[in-house]
Amino acid sequence: MSALKRPPAQQARVSGSSPRSLADQLPCLARDVDVAKALGVHRATVHRWAQKGRLPRPVRLGTNYSRWRASDIVAWAREVGLERAEE
């Protein structure tokens, strides 16, 4: 019997107990480790989710150089219910 996997919205969590928003935790162009830390997952999970379309894909800035837009990650987090929209 295969184990059921939870969707990313239920697996990921905004790290830390401080009231800082996800946008405050990420630079404008975030590395995989920055995204992973903000979501509370391993950096390999960030790449796996992006590859499977569960997370926005990174922006390619060179052959071996890519970053995630903080705005894309924040919008995704709001969409899946990890962070409520700022009012």
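The following exercises, each with a worked solution, concern a predicted model of one protein chain.

**Exercise 1. The elements of the chain**

Task: Determine how many helices and strands the chain has, and in which order the elements run.

Solution:
- Step 1. Count the elements by kind: the chain has five helices and three strands.
- Step 2. Read the elements from the N terminus on; the order is α-α-β-α-α-β-β-α.
- Step 3. Locate the strands by residue number. Strand 1 covers residues 29-30 and strand 3 covers residues 65-69, while strand 2 covers residues 59-62.

**Exercise 2. The sheet**

Task: Work out the order of the strands in the sheet and identify the edge strands.

Solution:
- Step 1. Examine strand 1 and strand 3. These pair in the antiparallel sense over two bridges. In this pairing, L29 stands opposite R69, and A30 stands opposite W68.
- Step 2. Examine strand 2 and strand 3. Their pairing is also antiparallel and runs over three bridges. One of the bridge partners is Y65 of strand 3, which is matched with G62.
- Step 3. Consider the connection between strand 2 and strand 3: a hairpin joins them through two residues.
- Step 4. Assemble the pairs. The result is an open sheet of three strands in the order 1-3-2, with antiparallel pairing.
- Step 5. Identify the edges. Strand 1 and strand 2 are the edge strands, because each pairs on one side only.

**Exercise 3. The surroundings of S66**

Task: Decide whether S66 is buried or exposed, and state which residues S66 touches beyond four places away in sequence.

Solution:
- Step 1. Place the residue: S66 belongs to strand 3.
- Step 2. Compare its relative accessible area with the cut-off. The value for S66 is 16%, and a residue counts as buried when the value is under 20%. S66 is therefore buried.
- Step 3. List the contacts. Leaving aside residues up to four places away in sequence, S66 touches P58, V59, R60 and L61.

**Exercise 4. The chain as a whole**

Task: Describe the chain by its share of buried residues, its exposed area and its contacts between residues at least 24 apart in sequence.

Solution:
- Step 1. Begin with burial: of the 87 residues in the chain, 33% are buried.
- Step 2. Turn to the surface. The chain exposes about 6,200 Å², and 48% of this area is supplied by carbon and sulfur atoms.
- Step 3. Consider contacts between residues at least 6 apart in sequence; 45% of these contacts join residues at least 24 apart.

Conventions
Residues numbered from 1 in each chain as written. Predicted model: local features only at pLDDT ≥ 70, side-chain atom pairs only at ≥ 80, totals over all residues. Heavy atoms only, no water. Helix = DSSP H or I, 4+ residues; strand = E, 2+ residues; numbered from the N terminus. Buried < 20%, exposed > 50% of the residue type's maximum accessible area, 1.4 Å probe, protein only. Contact = heavy atoms within 4.5 Å. Areas by Shrake-Rupley, 256 points an atom, 1.4 Å probe, with all protein chains shown as cover.
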